[in-house]
Amino acid sequence: MDFTTELKNYLKARYPLILIKSSEEDRLTNDLKKVAKELKHRFITWSIASGLQHDGQSLDEASLELKRALDICEALAKKDEPILFVFYDLVPLISGQGASPIYQRRIKEFALNIRTKGYRCNCIIVSYNADINSSVETEITMLDYPLPTRKDVEKQISEFVMQYQSEKGIKIDSSKKTLQALTSAALGLTYSEIENCLSRALVTDKSLDIEDVKSIVNEKKQIIRKSGILEYVENKLSLDDVGGLSVLKRWLELRGHSFSEEAKDFGLNPPKGVLLVGIPGCGKSLTAKCIASAWSMPLLKLDMGKVFGRYVGDSEANIRQALKTAEAIAPCVLWIDEIEKGLASGGDSGTSSRVFGNLLSWMQDKTSPVFIFATANNIRNLPPELLRKGRFDEIFFVDLPDDEERKKILEIHINKTGRKSDSFDLDKLVRLSGESNFGDEVRLAGAELEAWVKDSLLEAYSRKVSGEKESDLSMKDFEDTIKRFVPMAKMRQEDFKELREWANENAVSASATNKNAKAETQTSAGRKIDF
Ligand code: ATP
């Protein structure tokens, strides 16, 4: 349901106090005016600087003071006239350190009277801050104001272009391709943020063209980072940078086509997302980055730990805000890294489960093309609701890489050093990094293989610096450095067994050749340890 329809329902149902959290007063006020007009309600605003106003005219000089203003509102409401009252600076007066008990009482009384005395009015509180930690909270209904849609942004950009196109000395590329690219770059920003970005781009070199997409994306990155919960991650990796995990890669590649309009017409819904559970350092985060760039989609990283704010209600507002941003930027990939950590860090379990409830119901109901890429290392904190069918399209288990996979990962990282991987005895490197060297069940993880290549390169360079003849990276460097390695799998064998046992029941293997887990875990008792 869109925002105005939802709001109209609340107004018609006579919800007395509705708090709309938004920093976009202008755009929201325009929408509220339209709604008031459609419902044939008078539109009256109150702010701390102007008091009560109707059509830009002050209703009463004395209404600067809130109690007096509320008395006037009530007197108007008694006349049975339908009115939409909009309050702008109310929150600090009824909540927090500057709150006044008189104002709290008066607004509660007014809300109660709207419900019980048949007044045909509603009060809307517009605020950037939704932390109501006072007795008024029980009377308030919270409503989220969505960020501008693609259509809104398109309109705003074309209006901006029209405004400046004929200015002397200004060059604007108004081709469809450029306008589309600017629109995509600006999705997820508010009107004023978009206007700031466009104006700055125009002022910088007196032109607006495809080159400015980059600077808008950069500004967007900063703005999103400032929210403290989401991070806009950029990279140029491709799925070829991930060694192994062929089942997962194939699954993702297939779904990459399902976001288009053509796929929609064909009857396909965009995929919801995946949960990757697995051993640390085996490529879960790497795959998140690669899939976003392979699909040419923005990647938003959600830090669950930061969702939990200081005030009651804050955490839920935070998660809703983050999801709203993701929806506005969609199609995009929303990467929820170590989802289980966020669930454990909520402090009180009530807040954690409410935040989590918000996330789950959003995942269940979402129709926007936001692909969730959730990762987890610790299965013990994962609530069963998360694993229920229908939440994720698939749950994958990422194990330590097998022989074939280690070979591929070594190739990738040796090639990254600027050397040719086929000039090394890769089969020997595979043996050295696997069970024949370390013993049963112990193989190096992807991150350890990368570290092994880097350590060996360092070894070679130190020989070069000390003037040795054979100074490039050689097999000997690999053989020497591996002796110093204590593989993670050796230290955490029990933990990994438990993880495999869980995966056997609950997940699909991300690798084609990883068939061992079932047989291994069936015989293991497995201590219950957190990873
Ligand atoms: P964690 O749960 O600890 O975050 P992870 O499974 O997300 O671990 P990554 O962060 O993706 O692991 O891996 C760390 C680094 O190790 C990667 O950036 C990459 O350089 C290397 N690496 C790990 N797995 C692979 C792989 N399958 N192919 C290529 N490189 C890999």
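In this predicted model, a backbone N or O atom of Leu 286 lies 2.8 Å from an oxygen atom of the ligand, and Leu 286 is also listed, together with Gly 243, Gly 281, Ser 285 and Glu 450, among the residues that come nearest, out of the 17 around the ligand. Taken alone the ligand exposes 630 Å², of which the protein buries 82%.

**Around the ligand**

- A polar backbone atom of Cys 282 is 3.1 Å from an oxygen atom of the ligand, while a nitrogen atom of the ligand has a polar side-chain atom of His 413 at 2.9 Å.
- Three helices, α12, α18 (403-416) and α21 (446-465), each supply at least two residues of the shell around the ligand.
- Sorted by class, this shell has seven nonpolar, seven polar and three charged residues.

**The sheet**

- Seven strands form an open sheet with mixed pairing, and their order is β10-β12-β13-β14-β11-β15-β16.
- Because β10 (230-233) and β16 (508-509) stand at the edges with a single partner strand each, one side of each is left without a neighbour in the sheet.
- Strand β13 (residues 332-336) pairs with strand β14 (residues 370-376) in the parallel sense over five bridges, and Cys 332 stands opposite Val 370 in β14.

**Helices packed on the sheet**

- Helix α9 (residues 212-226) packs on the sheet by touching β10 and β12 (299-302), and its direction makes about 155 degrees with that of β10.
- Helix α12 (residues 284-294), which touches β11 (273-278), β12, β13, β14 and β15 (394-398), also packs on the sheet, and its direction makes about 165 degrees with that of β14.

Methods: Residues are numbered from 1 along each chain as its sequence is written. This is a predicted model: local features need pLDDT of at least 70, side-chain atom pairs count only at pLDDT 80 or more; totals for chains, interfaces and linings use all residues. Side-chain values use heavy atoms; hydrogens and water are left out. Two strands pair if DSSP finds at least two bridges between them. Helices (H or I, at least four residues) and strands (E, at least two) are DSSP runs, numbered from the N terminus. Contact means heavy atoms within 4.5 Å. Axes are lines fitted to C-alpha atoms, for helices over the stretch in contact, and angles run from 0 to 180 degrees between N-to-C directions. A residue is near a molecule or strand if one of its heavy atoms lies within 4 Å of it. A polar contact is a pair of N or O atoms within 3.5 Å; within protein, one must be able to donate a hydrogen and the other to accept it, and residues adjacent in sequence count only if both atoms are side-chain atoms. Accessible areas come from the Shrake-Rupley method with a 1.4 Å probe; for residues, only the protein chains shown count as cover. Ala, Val, Leu, Ile, Met, Phe, Trp, Tyr, Cys and Pro count as nonpolar, Asp, Glu, Lys and Arg as charged, and the others, Gly among them, as polar.
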